[in-house]
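Q: Please take a close look at one residue in this model and describe its setting. After that, continue to one further element and treat it in the same way.

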Amino acid sequence: MMHVEIYTDGAARGNPDGPGGCAAVLGYTDTRGVLHQKELSQGYVRTTNNRMELMGAIMGLEALTRPCDVTLHSDSQYLVKAFNDHWIEGWQKKGWKNSKKEPVKNQDLWMRLLKAMEPHHVQFVWVRGHNGNDLNERCDTLATSAADGSDLLEDPGA
């Protein structure tokens, strides 16, 4: 099974109107041992930061054409803790509720992410800020350039 590293970043520093952008970088080694990078950007997305991080993770996973061993790096504690601290399992057991009355935010994206993860073995790693991580910095650059472009997308769930 091929190993793929996915780095997500939802922050677009070039957006004057607040948070925006959605980007992921896939890093993988081919059968000859050569490292490759595939850059993905969904353009400028007007939505919340947590939704952007989820969308970046979904984008990266949906770009994979066969089952892979995936390490997903994100600077979103919310995204990483949802899986590492078993929040997802708790939400599913409670019928996608945080408490008796409060539904889980971003349920549409969490369910899409779970579907995107199905064929893969995925582990989540929190990247503290960017911490000098070149691929995560590249995600930020991608998101920023997308925000500066004209490819505006509206997130219907925001």
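A: F83 is buried, because its relative accessible area is 13% and buried means under 20%. The model is a predicted one, and the values here are computed from it. F83 lies in helix 2, which covers residues 77–84.

The next point is what surrounds this side chain. Leaving aside residues up to four places away in sequence, F83 touches I88, W110, L113, L114, M117 and F124. One of these contacts, F124, is 41 residues from F83 along the chain, yet the C-alpha atoms of F83 and F124 are 7.2 Å apart.

The further element is strand 2, residues 23–29. Of its 7 residues, 5 are buried, so strand 2 is largely enclosed by the rest of the structure.

Strand 2 has a pairing with strand 1 and another with strand 3. Strand 1, residues 2–9, runs antiparallel to strand 2, and the two are joined over 6 bridges. Within that pairing, I6 has L26 in strand 2 as its bridge partner. Strand 3, residues 35–41, is also antiparallel to strand 2, with 7 bridges between them. Here T29 stands opposite L35 of strand 3.

Strand 2 and strand 3 make up a hairpin, with 5 residues between the two strands. In the turn, G33 has a positive phi of about 85°.

A general point helps when reading any such element: in a regular strand, side chains alternate between the two faces of the sheet.

Technical notes: Residues numbered from 1 in each chain as written. Predicted model: local features only at pLDDT ≥ 70, side-chain atom pairs only at ≥ 80, totals over all residues. Heavy atoms only, no water. Helix = DSSP H or I, 4+ residues; strand = E, 2+ residues; numbered from the N terminus. Buried < 20%, exposed > 50% of the residue type's maximum accessible area, 1.4 Å probe, protein only. Contact = heavy atoms within 4.5 Å. Pairing = 2+ DSSP bridges.
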